[in-house]
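Student: I would be grateful for a close look at one part of this structure, namely the sheet and the loops around it. Please state the criteria behind each term.

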Amino acid sequence: MKPYLSFVIAARNDDYGGNFLHRMQVFVNVLFWLWERHNLDAELVVVEWNPPKDKPRLKDAIVWPKYLRPATVRIIEVPEDVHRRLPNSDRMPMFEYIAKNVGVRRALGEYVLVTNPDIIFSDPLIKYLSNHILSTHCFYRVDRYDIEKNIPLNMPPDKQLEFCAKHIIQIHRADGSIPATLGKRMWYKLINWIMRLHPRRLVRGLGRRIQRLLSFEDKYPILTIPQLHTNASGDFILMSKSWWLKLRGFPELPTHSHIDSYMVLLAAFAGLEQVVLKYPIYHQEHDRSAHRMRPLTILMDVPEFREMLKSRRPVTPNQEDWGLGTLSLPEVII
């Protein structure tokens with residue numbers, strides 16, 4: 001029997017962001033505890049992309065709960081030779097969104113939730129998902145709450161969730177990202193105001209305004225769409241498997257940024273209603289210096305993206321073989 005919901009993540013044991021296995025272990029511990037608590041009919045699809053040769057595979061590096069139901073966790077491996085075929089493979093050890101597409105395409109659930117291995121799901125969110133009231137006419141988003149400290153592994157899951165609620169530093173909402181507390185917000189505004197007085201920042205801000213006036217985006221403004229929650233959307237996008245298939249997953253670009261925002265626009269232009277659930281997810285903060293070596297996505301340079309804004313319909317660069325659909329990839333069931 002197929003599960004109601006598939007959770008899809010992409011990962012590799014390369015210590016991305018520092019302390020990666022710790023963060024993923026917390027993700028696993030809390031997620032499966034919540035599944036059991038609310039009897040959620042779900043599977044976890046882990047796409048292990050280009051696994052490092054000198055590190056254990058995730059099936060051995062992570063301590064998986066002993067009470068797992070059969071086939072609850074599936075680990076699909078994308079080998080190094082497949083990775084090397086892609087443009088920019090020398091600059092990007094993992095193509096996050098192609099990896100997620102691998103999982104989406106092979107997910108068995110009626111609905112598919114794409115997330116990340118350092119996310120902590122809140123109790124009311126999993127309770128909501130367990131009610132089986134999702135709609136095929138909608139796509140779902142949530143706000144992300146960043147956590148400032150490592151969550152202790154020796155805590156039981158309920159205490160780990162309490163820890164998350166007490167150590168929030170920033171909230172990523174549809175209308176932007178803000179510090180969590182009043183004191184931090186005031187400090188943030190003060191620093192931001194001082195930084196705006198810096199000559200270099202003034203020149204850069206003026207340049208951006210001029211560029212915006214001359215840009216293609218002004219001809220086809222996204223502002224005509226009801227406010228879309230593209231902020232931190234790679235951490236939580238949920239819709240029916242049938243719609244993931246129709247839209248052919250995330251746009252498969254040889255870059256790493258803003259592809260999740262493109263996906264949100266694809267869903268909106270397809271006519272799906274955006275639903276922003278009031279239940280949060282928590283994100284374990286980490287170092288992002290590795291991003292500096294990876295090529296950025298400039299969406300307005302993508303012909304399909306420009307065509308989508310112009311035509312007001314979903315346009316993707318993906319072909320029928322998206323998500324490495326023509327390849328038979330090794331799979332391990334935990």
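Tutor: The account below begins with the model and its confidence, continues with the sheet, and ends with three residues in loops.

This is a predicted model, in which local features need pLDDT of at least 70 and side-chain atom pairs count only at pLDDT 80 or more, whereas totals for chains, interfaces and linings use all residues. Residues are numbered from 1 along each chain as its sequence is written, and side-chain values use heavy atoms, with hydrogens and water left out.

The average pLDDT (the predictor's confidence in each residue, from 0 to 100) is 89 for the protein, and 86% of the residues score at least 70. Over residues 211–224 pLDDT stays under 50, and the model has 13 contacts (heavy atoms within 4.5 Å) for them beyond four places in sequence.

The sheet is open and has five strands in the order β5-β12-β7-β8-β9, with mixed pairing. Its edge strands, β5 (119–121) and β9 (176–179), each pair on one side only. From one strand to the next the twist averages 25°. Here strands (E, at least two residues) and helices (H or I, at least four) are DSSP runs, numbered from the N terminus, and two strands pair if DSSP finds at least two bridges between them. Strand β8 (residues 168–173) runs antiparallel to β9 and is joined to β9 by four bridges. Within this part, histidine 172 stands opposite serine 177 in β9. Helix α1 (residues 20–38) packs on the sheet, where α1 touches β5 and β12 (281–284), and the direction of α1 makes about 15° with that of β5. Axes are lines fitted to C-alpha atoms, for helices over the stretch in contact, and angles run from 0 to 180 degrees between N-to-C directions.

The loop between α1 and β2 (42–49) holds asparagine 39, which has a positive phi of about 55° although it is not a glycine. Asparagine 39 counts as exposed because its relative accessibility is 62%; the classes are buried under 20% relative accessible area, exposed over 50% and partly exposed in between (1.4 Å probe, protein chains only).

Beyond β12, arginine 294 lies in the loop that leads to α11 (303–311). Arginine 294 is buried yet has no salt bridge, and aspartate 14, the nearest side chain of opposite charge, is 5.3 Å away. A salt bridge requires a side-chain nitrogen of Lys or Arg within 4 Å of a carboxyl oxygen of Asp or Glu; Lys and Arg count as positive and Asp and Glu as negative, while His and the chain ends are not counted. Leaving aside residues up to four places away in sequence, arginine 294 touches Tyr16, Arg91, Met92, Pro93 and His256.

Alanine 232, in the loop between α8 (199–214) and β10 (237–240), also has a positive phi of about 55°. Alanine 232 counts as buried because its relative accessibility is 18%.
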